Amino acid sequence: AVAVCAVVALVLRVALVARTGVAPKAGGGGIDSVDDDAVLEVHVRDFGVITLALLWRAAPRTAAAIAELAERHFYDGCVFYRYEPRFVLQGGGTFANGTAQTSPLGALQLEYDDDAPNVERAVSMARFANPHSATHDWSIMLNDNSQWLGPGGADAFGYTVFAQVIDGERGWSTMQRVVAHLDDK
């Protein structure tokens, strides 16, 4: 059985930050379309910052929408509300009390790209059965889930990968501390 936490309750603040010289390392399966012009900084209370490199070439509309939501402070005060060990850590527009907000941008079209698979460190959009139903929730891959979340896996369409957790203290290292904390619960 997979352990799922209903509300993980690690409060977030997501900010779009212009950067130069950020050089994310491709994770596992080779996300090769990382763009270093801007990153998202996911501030996790008591843990630090998880930095996400946006994949503008692989998912331009989705990256732009998530960046806009961050600029609007849409994610401030939200939580990671789903954790499945060795699978995903999911967050979005949900608060610690379980209430959810609705994205002012509406649903996003699926932007699946074979060059941006759901490998460890990838950040993909959560959605319903309709491939064009993603709005604001996203998941950080804790393992290589490309066969399961690619076309022909869980469904015929796949999931949009719009970012990747970068290496280092303000990236994957913080992510590993968050996961270790959740594993101890």
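With a relative accessibility of 13%, E84 counts as buried in this predicted model, because that value lies under 20%. This glutamate has a charged partner: R82 and E84 form a salt bridge, and their closest N and O atoms are 2.5 Å apart. R82 itself is partly exposed, since its relative accessible area is 25%. The pair therefore joins a buried residue, E84, to a partly exposed one, R82.

Pairs of this kind are a helpful thing to look for in any structure. Side chains of opposite charge can pair when their charged atoms come close. Here, a search of the whole structure finds four salt bridges, among them the pair of R82 and E84.

Another of these links is the salt bridge between E68 and R72, in which the closest N and O atoms lie 2.7 Å apart. How exposed are its two members? E68 counts as partly exposed, at 29% relative accessibility. R72 counts as partly exposed as well, with a relative accessibility of 45%.

A further salt bridge connects D155 with R127, and its closest N and O atoms are 2.5 Å apart. This pair links distant parts of the chain, with the two positions 28 residues apart in numbering terms. D155 sits in the loop between helix 2 (146–149) and strand 8 (161–165), whereas R127 belongs to the loop between strand 6 (122–125) and strand 7 (138–141). Are these two loop residues buried or exposed? Both D155 and R127 are buried.

Definitions and conventions:
Residues numbered from 1 in each chain as written. Predicted model: local features only at pLDDT ≥ 70, side-chain atom pairs only at ≥ 80, totals over all residues. Heavy atoms only, no water. Salt bridge = Lys/Arg side-chain N within 4 Å of Asp/Glu carboxyl O. Buried < 20%, exposed > 50% of the residue type's maximum accessible area, 1.4 Å probe, protein only. Helix = DSSP H or I, 4+ residues; strand = E, 2+ residues; numbered from the N terminus.
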